[in-house]
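Student: I have a structure open and want to reason from definitions to labels. Can we take it step by step?

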Amino acid sequence: MGFFDSILGRSKPPEADLDVLFAVPQAVISMQMEGFTPTGSGSVCFRDVEGQADDTAMADAEKIISSSPGSTVTRSDDRFGFHWLTVTRTDADVSGLVTDLHAANSSLADAGFSSALLCSTVVFTTPAGKPFGLVYLYKRGTFYPFAPDTGERRDNSLELQVRGVVSADVPIEPDLTKWLAIWGAPGLA
Amino acid sequence: MARSRFRGDRGLTFRMGGVGLGLGVLYLVFAAVLYQTPVGAFGFVIVLAIAWGQWYFSDSLALKSMSAQVVEPHQAPELHAMIDRLCALADMPKPRVAIAVTDMPNAFATGRTPNHSAVCVTTGIMQRLDADELEGVLAHELSHVANRDVTVMTVASSIGLLAGFITRYGMYFGGMFSGGRDRNNNNGGPAFIVVFLVSLLVYAVSFVLIRGLSRYRELSADRSGAYMTGRPSKLSSALVKISGDMARIPNKDLRDSQAMSAFFFAPAISRESIGALFSTHPPLQQRLDNLAKVSAELSEQG
């Protein structure tokens, strides 16, 4: 945001960076070598906007994704007023999953709701059998690991370990305060 | 190709630019007049120091004057979670979060830069609004931070402060200087009267302009906040709820917080008592119309 936008009070919501998501398959390979298995499911999380325009965009996205073979898509809402479009691939193909997620977020962005995109997740199972998410922050174009433990606690040491594993493959969010917890996200509960 | 639904309000930008230009010209004229006298230079240094202090310590001063407590995530998890998500959506650093224990329903944001800012809500506003409405209010306050309103308003009002200072205390200094230095000629007295009158005029005009600027920045923050949450109607309903409540609050409670009114979510002064020209916040109807426009832009199909 420029100086004059500040002076004239025109701060606007930033646009989402969609393309970094395509780096995920490389990170998945690194994580598989450490014993993580991708579940084949992932989500796009975005802000509910009033009016019907965003619902139309979301319905379009659902139509595109469910037309690709082996993919199912479900929709859920959380208590913060965000929608989650969850894609599940029966073949657990990560590059197919990323293409589906990209279809979802780009149809929202095309409808002008790029600024409403919050994050995207790719879900794994840890070597210990627990859920694990690689979270993409649209506005910053960075990833962070999220390892939910029982009782709204996070396994920080596992998260930091994964940071080391994937840091060569995807841009990792350097500011640890931006590693937001997403309790109850689809596949991560 | 991705497009943005965000559209600037050109009229608002022009009006804000106009007020800013007016203030700039006014202050240049004032500086040119002050340059002629030693009183000006002396007052200038003092007022600049005061304004700088107010700006630099704005977050702690504001929190202290409202006796607000900074709360940690474990003390107010819902409030923190809400602000976390808004900051992630808007990609801005998270401000400190504070709660003031008072029944007055209000919220304010303060701080010299987005990195040194604080957002404060009162217990009154948290009781009256539901979660979505509170989020709308928080987004409005975060927009104040993103727009750097504390800095803009401090700069805008600092010279007005100087004019007011000279109008009020200048007589003493004027007497002192003309008595001490200009003993051999009689120019000190008349020169000072000119400065005094100019200061009075500058103070009056800048007062009106600054109030105008403040109103425009409220409208801006409403727009940006509405785009941030995607739900302008929730902010509208919060405004309606709070404005109705504000009018019923006895004046005794309000007097304490008058000095801070410019940074409040809704002005803590009853509307009937002062004309629209002097108010820090735009009238409710104007704010609702402004938000209805955003709502229409967000729900356009295609």
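Tutor: Start with the sheet in chain B of this predicted model. What is the order of the four strands in this open sheet?

Student: The order is β1-β2-β4-β3 in chain B, and the pairing is mixed.

Tutor: What makes β1 and β3 of chain B edge strands?

Student: Each has a single partner strand, so one side of β1 (68–70) and one side of β3 (107–111) is left without a neighbour in the sheet. From one strand to the next, the twist averages 25°.

Tutor: How do you know that β2 and β4 of chain B pair?

Student: Pairing needs at least two bridges. Strands β2 (residues 96–100) and β4 (residues 117–122) of chain B have five bridges, in the parallel sense. They therefore count as paired by the definition. As one of the bridge partners, B:Ala98 has B:Cys120 in β4(B).

Tutor: Which residues does B:Cys120 contact, leaving aside its neighbours within four places in sequence?

Student: Among them are B:Ala98, B:Ile99 and B:Ala100. B:Leu63, B:Met66 and B:Phe108 are also in contact with B:Cys120.

Tutor: What makes these count as contacts?

Student: The cut-off is 7 Å between C-beta atoms placed from the backbone.

Tutor: Where does helix α6 of chain B lie?

Student: Helix α6 (residues 131–146) lies across β3 and β4 of chain B, and runs at about 20° to β3(B).

Tutor: Now the cores. What makes a set of residues a nonpolar core?

Student: The residues must be buried, of the nonpolar types, and joined through C-beta atoms within 7 Å. The largest such core has 96 residues. A:Leu108, A:Val135, B:Leu86 and B:Cys120 are among those with the most contacts inside it.

Tutor: Which helix gives the most to this core?

Student: Helix α4 (residues 94–110) of chain A, with eight residues. A second, separate core has 25 residues, including B:Ile159 and B:Leu209.

Tutor: Turn to chain A. How does its radius of gyration compare with that of a compact globule?

Student: For 189 residues, a compact globule would have a radius near 16 Å. Chain A has 17 Å, which agrees. Its C-alpha trace spans about 50 × 40 × 30 Å along the principal axes.

Tutor: What share of the chain A residues is buried?

Student: The share is 46% of the 189 residues. Buried means 20 or more other C-beta atoms within 10 Å.

Tutor: How many helices and strands does chain A have?

Student: Five helices and eight strands. Their run from the N terminus opens α-α-β and ends with a helix.

Technical notes
Residues numbered from 1 in each chain as written. Chains lettered and ligands numbered in written order. Predicted model: local features only at pLDDT ≥ 70, side-chain atom pairs only at ≥ 80, totals over all residues. Helix = DSSP H or I, 4+ residues; strand = E, 2+ residues; numbered from the N terminus. Axes fitted to C-alpha atoms, helices over the stretch in contact; angles between N-to-C directions. Contact = placed C-beta atoms within 7 Å. Rg over C-alpha atoms; globule rule 2.2 N^0.38 Å. Buried ≥ 20, exposed ≤ 12 C-beta atoms within 10 Å, placed from the backbone.
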